[in-house]
Every structure is written in C-alpha cells, then in structure tokens.
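Me: Could you take a close look at a single part of this structure, and then set that part in the context of the chain around it?

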Amino acid sequence: MLAQMMDQPLLISSLIGHAAKWHGDTEIVTRTLEGPIHRYDWRAAEVRAKKFAQALSRLGVKHGDRIGTIAWNTYRHVEAYYGVAGMGAVTHTINPRLFPEQLEYIINHADDQYLVIDTSFVDLVAGMRDKFPNIRGIIVFADKANMPSEDKLPGALCYEELLELEHGDYEWPTFDENSAAALCYTSGTTGNPKGALYSHRSTVLHTLTEIAPDCMGLAARDTVLPVVPMFHVNAWGLPYATAAVGCKLVLPGRDLDGKSIYELLTQEKVSFTAAVPTIWMMLLAHMKEANGKLDDLERVVIGGSACPRAMMETFQDEYDVQVLHAWGMTEMSPLGTVNTPKAKHDVLSKTQKVDLQQSAGRVLYGVDMKIVDEDGITLPNDGEATGELKVRGPWIIADYFNLSEKAPAHAEDGWFSTGDVCAIDQDGYIWITDRLKDVIKSGGEWISSIDLENVAVGHPKVAEAAAIGVHHPKWDERPLLVIVPTANGQDLTKEDVLGYLEGKIAKWWMPDDVAFAEDLPHTATGKLSKLQLRQRFKDYKLPTA
Ligand code: AMP
C-alpha cells in the first residue's frame, strides 16, 4: 500500500526559497574582489538568482546543460549556484588551481556550455579560449565598469548587464529530484580528474544531515564563514546548509591569508567557520603575531586532511573555539564523518577528550561504512583492525561522470571504495591511518604516514611534515620523514626530530632518516602531494639500506 503524503521533489531551489521567505532580512556579506565589503540579504539573493536563471534561459541554456564556474566564494557565485541548478542546469564548479591541461580536460569532458568567471581568472581563460571549442560564451562576474577590455576576452558577457535585462518575477521550475544539479571533479593526483555528479535529491539530503547537531549543528542564529572554496566540493555544502537554516553567510572572496580571514571573523562576529588545516595554520600564525582574540567564534570545522593535534589544542585551549574534525570526499558530497562526542564521553579527562578528537569523526546517519582487508573480507569495528574503508549512501556517487571505461573505484558491489585506510570503533568513530597508496609497508606491516606527520608537527620548530615509504632491501619500505622547519627552526637537526618522536610512536615506526626541505608539494586542493614527493625522493638511499 502506498502512503498518502505529498510527493514533493527535493529541489535545491527550495533551500534559497525558504531562506528568502523566512530569513529574507538575514545578511550575506562578501569581501569583493574589488576590495569593498558587499552586503545584501537572502531575499535580494533569491531575486538575483532568479534573474540569472532567466538570463540563462534567454541564452538558450536547457535542463541538464553544464555551466562551468571559475570563481571565489562571493555572493555572485552563490547566486549562480542557485540560478543554474534552480532552472534545471548543472553547476560545474572548477578549481582554478588545476594545471592548464587538467582545466582543458575537465571543461571539455563536462561539455560545459558557458563559463562564468571572476575577473581574476580572465587572463587564465583568455589564454586558453581556443582550447574550449564547445563553450558558447563566457560570462564575467562583474559590472560594466569592471569588465575586461574587448580585445582581452572578445564577446565576453557582463553578469550585471545580463541581470539588468530580467525582472526576476520567476517561479522555480519543478522537475525530478534525481536530476543532476552540480558537478565537481576530484583533484586527480593520478590520471585525469574524475567527475562526481550530484543530484538535487542527494544535495538536499546531505544538507539536512549537515545542519543536524551531531554534524555541523547549524542554526538561524549562526554566522557562517566558509573559507573552504566553493570550487572544492561545494564549500562542503555550506552554501546550501546556510540557506536551509537561513543564517548569516560571510564570504571571503579571494583573500584567504590569515590577516584577511581574521578581519572577517572578528568584524562580522562569525560563530562558525570551515577550512582545511593549511588555512588554519596561516590564521593561527597571524593571530600569534597580532595577539588576536576570537571572542565570537564558537566552532571551526577542520577537514580535507588530518588535523594535527597541536592545531586542535591551540584553537581549544588558547582561543576557546571547539574543533570539529571531519572527513569526507568529493565523491561523498563530501560529508562522511564529523567528530562530536557522545554523553558517555563527558567523564573523560581533557587529554582523553583530545585523544578522541584525533579520530576523523563519527559516522553520520545516511552513510553506511565498513572496512575490508586485502581480500575484501569485512573486518570488525573494534578500533584495532585497519582496512580499506568502503561506504554507501544516498549522497555517495554510484559512478563517475561520463567515464566510458570503469574507474577502479566503481561501486560494483554497491559499496564505494574510498582508498582510505582506517580503523572503525564500535561507536562509529573512524581512525584514518593513510591513503591506501601512501601507506608505508615495512616487513609486511603498515606504518601510518599520517600518524608520523601528526606527531612531528607537534615539534615547535616543525612547520610541515610528510612521511613517505622509501625502498629498503630488507624491509621492502622504511619511512623517510621530510620536514619543513619554521622560520626560527633553521637549526633543527635529524637527532632533534627523532628524539622528539621517541616514546610518542611505536619503536619500529621510527623513521630511518629525516630530510629537510624548504617546501612540500601540494595538490590543487591544498593537500600534500605524496605522489610528487615520492617522485622527488625516488632515488633516495636510506642510511640503513
Ligand atoms: P577530496 O575529494 O579532495 O575532498 O579528498 C578526499 C580525501 O581527503 C579523503 O579520501 C582522505 O584521504 C582525505 N581526507 C579528508 N578529510 C580527512 C581527515 N579528516 N583526515 C585525513 N584525511 C582526510
């Protein structure tokens, strides 16, 4: 027997519709690329999103067409998110930090019809214009005064002029909730980037989970600053989640340095923010120098790569900001786990609570998880056994976008293989030790590169650390620790580092050597690129070899 409930599709337009109707006077604040702070509210944002939807229709954009955006976190980008998806097309957010060949690949692979770009990417796009034969036009997020010259980007359309032509009196169309809404490519450390194509349904379900107390716990009274870019898995869903709760949204534009972020956090009284550890490293360094305080900030989400313990302790002990350690992937929209405590953890000591926070989080309703060994056999959730993490759920991809050949991660058995290695405990906290391909295999046992790095960055003279496996004739691989010293740590020695690690890690995990470097290679999303690092050290001879 079928139930008698309203069959209302879960559409992204309903999120901004709700924000505009019931939180219409709540502010959206942007640091513009031109410099000044721009302010308006959810009501005005929805009108302009609708105007953009109308403009796209006028340009001939149809249901399912992909519209690429190359843009920072700004109010115009938020309007494009809703205007594009709301009218039934697909927002393809593009990471401008990808290599030119990758940009060319994904824009053509996605078959983008239009590109909507910030003025800071005009040179990038102009230099590659002939590489995108299918692009019908380029829209620049600017008013007339800030448009590039005609000879720089011939035929470029002005976003504000397009909006001026429309009245904004527009009903969001209704269609199948399984229609594609947004497309995001993985950063592609090996081979070509692969696309994750999210639906309206998956996005709305992900949003409902995101705002829940055991996830990000967002509320109408919050002020949210997503520092994580809107081209990195939809800023972890925050442009949707903030609309669902109708809270104040603060957008940093392109200035992501410590000083600029600190100004926004304090001036706009931000209560909640989110980014990868690299961003927080810059913020904490700035605050130390400037003797800063974070009176309004309550929670900071740290994810995308493992959050070092020292960073957690600084936020919590020195600035009284709760850290929410989170784990996810582009292929998962991205949320999989968020680290929030249970009632039984109230009795833990302060140190034990931080110990628990080293877990990348506790599984969320909507995401099912298991770990398997090399033969695919399911391992126990005892917090000890480690294996490859597999996941399934309504906001996890079933397949990559438009790949004729099957990608290795394809969910043949109904589970998506994450490529991450972890332990899961009985409460569903996951303890990530590595990417499957980064794990250091010493004498048949696995050494966690992430654990080595996390301990090493606790040393006050270590700015960044990376552990990789280097060939060893007896053990197959042994760890090499590569250290970037801080500005005042130039006198740091191998003995200092190894002495610091002693007693903090298992004896047989002790790196066979320590190398010092001025910098470490990073991917387009700011993660350590172990692939490039292994390349750099491919001929390295360990002293123990
Ligand atoms: P991306 O798709 O670019 O967001 O990258 C997803 C990958 O980032 C995951 O598969 C993990 O390897 C890594 N990652 C994300 N969050 C964490 C975390 N909290 N700890 C360790 N690794 C993480």
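Reply: Ala-182 stands opposite Tyr-198 in S9, in a model that is predicted rather than experimental. Five bridges join strand S8 (residues 180–185) to S9, and the two strands run antiparallel; strands count as paired if DSSP finds at least two bridges between them. Strand S9 (residues 195–199) is mostly covered, with four of its five residues buried, where buried means under 20% relative accessible area with a 1.4 Å probe, counting protein chains only.

These two strands belong to a protein chain with 16 helices and 25 strands, taken as DSSP runs numbered from the N terminus (H or I of at least four residues for helices, E of at least two for strands). The radius of gyration of the chain, taken over C-alpha atoms, is 24 Å, close to the 24 Å from the globule rule (2.2 Å times the number of residues to the power 0.38) for 545 residues, so the chain is as compact as a globular protein of that length. Of the 545 residues, 59% count as buried. Residues 24 or more positions apart account for 67% of the contacts with a separation of 6 or more, a contact being heavy atoms within 4.5 Å.

Residues are numbered from 1 along each chain as its sequence is written, and side-chain values use heavy atoms, with hydrogens and water left out. Local features need pLDDT of at least 70 and side-chain atom pairs count only at pLDDT 80 or more, whereas totals for chains, interfaces and linings use all residues.

Terms used:
Buried < 20%, exposed > 50% of the residue type's maximum accessible area, 1.4 Å probe, protein only.
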